[in-house]
Amino acid sequence: MTAPEATAPAPDARVLDRLYEVVTARKGADPSDSYTAKLFAKGRGKICQKFGEEATETIVAALAEGPDHVVTESADLLYHLSVLWAEAGVAPDRVWAELARRFGTSGLTEKAARTAE
Ligand SMILES: N=c1c2ncn([C@@H]3O[C@H](COP(=O)(O)OP(=O)(O)OP(=O)(O)O)[C@@H](O)[C@H]3O)c2ncn1[C@@H]1O[C@H](COP(=O)(O)O)[C@@H](O)[C@H]1O
């Protein structure tokens, strides 16, 4: 069996960085020991399919099930996004940098600049 992580991360946004480290370390691990390793073994198509399913489940939770379900489905969604990033070779730092770059630019301003091109 794969050993559980020694210490749980703080329950804040940095948990995604820790999760990405754990997920990346599961690449090439025995699929019978790890759900993440099983997903990697099934390939990128399966990982993308799972991410899509979790997105749909999050939508259903928001539309019909209430905040507690939105929380649990969002956690499933972000876990599967971490696996997708690891599969695609995208470290979360790159996403954080892109979000930071966009900070303070209204989506309306960005769209207007794009559609004027
Ligand atoms: N955060 C998660 C996490 N969130 C959700 N899941 C799994 O994602 C799956 C959700 O998919 P479904 O609800 O569709 O359940 P399912 O029917 O089992 O899925 P499929 O058979 O369709 O693939 C469940 O099996 C959950 O257990 C997770 N599995 C792992 N992690 C993290 O990843 C770490 C490593 O996990 P292992 O790779 O299993 O060691 C863990 O310590 C956790 O920190």
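Ser34 counts as partly exposed, because 19 C-beta neighbours lie inside 10 Å, whereas 20 or more would make a residue buried. In this predicted model, Ser34 is placed in the loop between α1 and α2. The C-alpha atom of Ser34 is separated by 9.8 Å from that of Val23, and the two residues are 11 apart along the chain. Ser34 also belongs to the group of residues that come nearest to the ligand, together with Arg26, Tyr35, Thr36 and Tyr79. In total, 12 residues surround the ligand. Two or more residues of this shell are given by each of the elements α1 (15-25), α2 (35-42) and α4 (67-88). The most is given by α2, which provides three residues. By character, the shell consists of five nonpolar, three polar and four charged residues.

The loop between α1 and α2 also holds Pro31. Pro31 counts as partly exposed, because 15 C-beta neighbours are found inside 10 Å and the exposed class requires 12 or fewer. When neighbours within four places in sequence are left aside, the contacts of Pro31 are Ala37, Lys38 and Ala41. Between Pro31 and Lys42, which are 11 residues apart in sequence, the distance from C-alpha to C-alpha is 9.5 Å.

With regard to the overall fold, the secondary structure comprises six helices and zero strands. Along the sequence, the pattern therefore reads α-α-α-α-α-α, with helices defined as DSSP runs. The radius of gyration is 17 Å, well over the 13 Å that the globule rule gives for 117 residues, so the protein is more spread out than a compact globule. Along the principal axes, the C-alpha atoms fill a box of roughly 55 × 35 × 30 Å. Of the 117 residues, 16% are buried. Among contacts with a separation of 6 or more, 50% join residues that are 24 or more positions apart.

The interior was examined next. In soluble globular proteins, nonpolar side chains tend to be buried together. The largest nonpolar core of the present model has 12 residues in all: Leu19, Tyr20, Val23, Leu39, Phe40, Ile47, Phe51, Leu77, Tyr79, Leu81, Val83 and Ala86. Two or more of these core residues come from each of α1, α2, α3 (44-65) and α4. The largest share, five residues, is supplied by α4. Val23, a member of this core, touches Thr36, Ser82, Val83 and Ala86 when residues up to four places away in sequence are not counted. Two of the residues named here have a further role in the description of the ligand site: Tyr79 of the core and Thr36, a contact of Val23, are both listed with the residues nearest to the ligand.

Helix α5 (residues 92-102) is hardly covered, since the count of buried residues among its 11 residues is zero. Arg102 lies in this helix. Arg102 is exposed, because 11 other C-beta atoms are found within 10 Å and a residue with 12 or fewer falls in that class. The C-alpha atoms of Arg102 and Glu21 are separated by 25 Å, and these two residues are 81 apart along the chain. Just after α5, Gly104 takes a positive phi of about 90 degrees.

Finally, the confidence of the prediction was considered. The average pLDDT of the protein is 92, and 95% of the residues score at least 70. For the model, the ipTM is 0.93 and the pTM is 0.91.

Definitions and conventions: Residues are numbered from 1 along each chain as its sequence is written. This is a predicted model: local features need pLDDT of at least 70, side-chain atom pairs count only at pLDDT 80 or more; totals for chains, interfaces and linings use all residues. A residue is near a molecule or strand if its C-beta atom, placed from the backbone, lies within 6 Å of it. Helices (H or I, at least four residues) and strands (E, at least two) are DSSP runs, numbered from the N terminus. Ala, Val, Leu, Ile, Met, Phe, Trp, Tyr, Cys and Pro count as nonpolar, Asp, Glu, Lys and Arg as charged, and the others, Gly among them, as polar. The radius of gyration is taken over C-alpha atoms; the globule rule is 2.2 Å times the number of residues to the power 0.38. Two residues are in contact if their C-beta atoms, placed from the backbone, lie within 7 Å. pLDDT is the predictor's confidence in each residue, from 0 to 100. A nonpolar core is a set of buried Ala, Val, Leu, Ile, Met, Phe, Trp, Tyr and Cys residues joined through C-beta atoms within 7 Å.
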